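Reader: Could you walk me through this structure and show me how its terms are applied?
Author: Gladly; let us look together.

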Amino acid sequence: MWLLARAAEMAQLWRERRMPQSLSGKRLALVVNDSGWRNTTAFDLGIQTMGGISVQPPLRWDTREDLRDLAAYVGNWFDAIITRASELSVLRTLAEAFDGPVINARTRQNHPCEVLGDLAFFFRKNRAIDGIKVTVISPKSNILGSWIEAAAVLPIEVVQIFPVKWHDHRSVEAIPRFSRSSDIKAIEGSNIVITDCWPENGDEAELIEYQITNRILDTLPDDVEFIPCPPVHRGKEVSFEAMEHSACRVIQAKEFLMHAQNAALEWVFRVG
């Protein structure tokens, strides 16, 4: 829980413009192999405000050059690699070849920074996450993947709600705090509600019952945190009105993407 508590402290320090210079002298390569911008911008800004040097080299991991060679070249100049890559296997290869931390900013399989940010946002208000129910209304995706990973190591319950053909079928026996349902009523009692994009090959007539609306949000506890994952497609996974509901906290929650990442950087370098 140190990381979540530290993220809350980072939020206060950010607002007071008193960021610790925890990364002074550290040089970090930020390699972005897709079009994402939120968490990489937050990494870049966070590194700079904590005294580090952030460089975004025009580098791709899917070239003819061997990943191990690329990692060695980067290792000549940098203390760590932060990257958004297509496959988790790319990060594993980099981690084996690079003499320093390799930080997962996003893969097709998981998106740990996004989940840490949402948990940090919830923790700052509630000071605990033990026993909370997180409902993820989403097909199998990297966001759901990281929530399942969180359920494997944290005292939280994660429920996926979506039609069966898009369920994540990893073993519920291996991860007992993860479950699946095709019934939208399984959202009952949620502390956090997450949505993700509908699948491109999905039938909107089939998926519309999984759209989060004001009517659904009004059935949930007053203190529920509704955090649709950007990019949000209004009128699809989230109704236009639900984005304006008092439970919708996506803008406030995404502030904590930076604070959680800053705390993670401190932890990686064992400072702070």
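**The cavity and the sheet**

Author: The lining of the largest cavity has 5 nonpolar residues, 1 polar residue and no charged ones. This is a predicted model, where local features need pLDDT of at least 70, side-chain atom pairs count only at pLDDT 80 or more, and totals for chains, interfaces and linings use all residues. Residues are numbered from 1 along each chain as its sequence is written, and side-chain values use heavy atoms, leaving out hydrogens and water.

Reader: What makes a residue of the lining nonpolar, polar or charged?

Author: Ala, Val, Leu, Ile, Met, Phe, Trp, Tyr, Cys and Pro count as nonpolar, Asp, Glu, Lys and Arg as charged, and the others, Gly among them, as polar. The lining consists of Phe43, Cys113, Leu116, Ala260, Gln261 and Ala264, so Gln261 falls in the polar class.

Reader: Why is this space called a cavity?

Author: On a 1 Å grid over the protein atoms alone, a cavity is a set of points where a 1.4 Å probe fits but cannot get out, and lining residues have an atom within 4 Å of a point. By this rule there is 1 cavity of 30 Å³ or more.

Reader: What makes β5 and β6 a pair?

Author: Two strands (DSSP runs of E, at least two residues) pair if DSSP finds at least two bridges between them. Here 5 bridges join β5 to β6, so the two strands meet the rule for a pair.

Methods: Helix = DSSP H or I, 4+ residues; strand = E, 2+ residues; numbered from the N terminus. 1 Å grid on protein atoms, 1.4 Å probe; cavity = no way out; pocket = protein on both sides within 12 Å on 5 of 7 lines; lining within 4 Å. Points joined across faces, edges and corners; volume = space filled by probe spheres on them.
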